[in-house]
Amino acid sequence: MSKIAVVFWTGTGNTSTMATAVVEGIKEAGAEAELISAADFGAAKVKEFDGIALGDEVLEESEFAPMFDECKPELPGKKVALFGSYGWGTGEWMENWEADCAASGIKLATDSVIANEMPDEEALAACKALGAALV
């Protein structure tokens with residue numbers, strides 16, 4: 001059975017809601033999911049998982065971004081997917097995050113999911129599909 005980590009940071013609760021939907025998609029697809037806060041994850045844990053879903057709100061700088069930078073060298077070759085929410089602008093930060101992954105040799109397993117503010121039903125369904133794509 002695949003084991004997938006859903007690693008996230010949330011300041012508003014929106015990305016936490018998305019992370020829960022990702023976990024549901026993973027479990028519905030028949031895999032094991034572990035929900036982990038960014039503060040509790042690091043490069044040494046990457047090898048424990050077959051896939052990793054990363055969720056954030058505009059690449060939070062004090063907790064999430066340092067964890068992601070530490071993990072980047074370990075992520076190529078893993079199934080990786082990105083999701084997150086934002087409250088301003090156009091969500092360009094997700095495009096920048098995807099480009100950072102590509103430049104680091106991280107191939108994304110599926111399209112990223114982004115929600116403006118609280119995720120609606122469409123975004124939550126996309127999060128479930130994202131989770132299933134990691135299995």
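**Exercise 1. The covering of β1**

Task: In this predicted model, determine how many of the residues of β1 are buried.

Solution: Begin with the cut-off, since a residue counts as buried when its relative accessible area is under 20%. Applied to β1, this criterion is met by 5 of the 6 residues, and the strand is therefore described as mostly covered. Next, look at what flanks the strand: β1, which spans residues 3-8, is joined to β2 by 6 bridges, and 5 bridges join β1 to β3. In both pairings the strands run parallel.

**Exercise 2. Partners of F8 and A5**

Task: Find which residues stand opposite F8 in β2 and in β3, and which residue of β2 is the bridge partner of A5.

Solution: On the β2 side, F8 has S37 as its bridge partner, while in β3 the residue opposite F8 is G55. Moving along β1 to A5, one finds that its bridge partner in β2 is E34. To follow the chain itself from β1 to β2, trace it through α1; the β-α-β crossover described by this path is right-handed.

**Exercise 3. The sheet and its helices**

Task: Establish the strand order of the open sheet, explain why one side of β2 and of β5 is left without a neighbour, and state which strands α1 touches.

Solution: The sheet is made of 5 strands, paired in parallel and arranged in the order β2-β1-β3-β4-β5. Because β2 (32-37) and β5 (113-116) stand at the edges and have a single partner strand each, one side of each lacks a neighbour in the sheet. On average, and with direction ignored, neighbouring strands are turned by 15° against each other. Helix α1, residues 14-28, packs on this sheet and touches β1, β2, β3, β4 and β5, its direction making about 150° with that of β4. Helix α5, residues 121-133, lies across β3, β4 and β5 and runs at about 160° to β5.

**Exercise 4. The nonpolar cores**

Task: Identify the residues with the most contacts inside the largest nonpolar core, and list what W97 touches beyond four places in sequence.

Solution: The largest core contains 22 residues, and those with the most contacts inside it are F41, I52, L54, L75 and W97. At least two residues of this core come from each of β1, β3, α3 (64-71), β4 and α4 (92-103). If residues up to four places away in sequence are set aside, W97 touches L54, G55, D56, L59, F64, F68, L82 and F83. Another core of 21 residues lies apart from the largest one, and F8, V22, A81 and L124 are among its members.

Terms used
Residues are numbered from 1 along each chain as its sequence is written. This is a predicted model: local features need pLDDT of at least 70, side-chain atom pairs count only at pLDDT 80 or more; totals for chains, interfaces and linings use all residues. Side-chain values use heavy atoms; hydrogens and water are left out. Two strands pair if DSSP finds at least two bridges between them. Helices (H or I, at least four residues) and strands (E, at least two) are DSSP runs, numbered from the N terminus. Axes are lines fitted to C-alpha atoms, for helices over the stretch in contact, and angles run from 0 to 180 degrees between N-to-C directions. Contact means heavy atoms within 4.5 Å. A nonpolar core is a set of buried Ala, Val, Leu, Ile, Met, Phe, Trp, Tyr and Cys residues joined through side-chain atoms within 4.5 Å. Buried means under 20% relative accessible area, exposed over 50%, partly exposed in between (1.4 Å probe, protein chains only). A crossover is right-handed if, with the strands pointing away from the viewer, the path from the first strand over the helix to the second runs clockwise.
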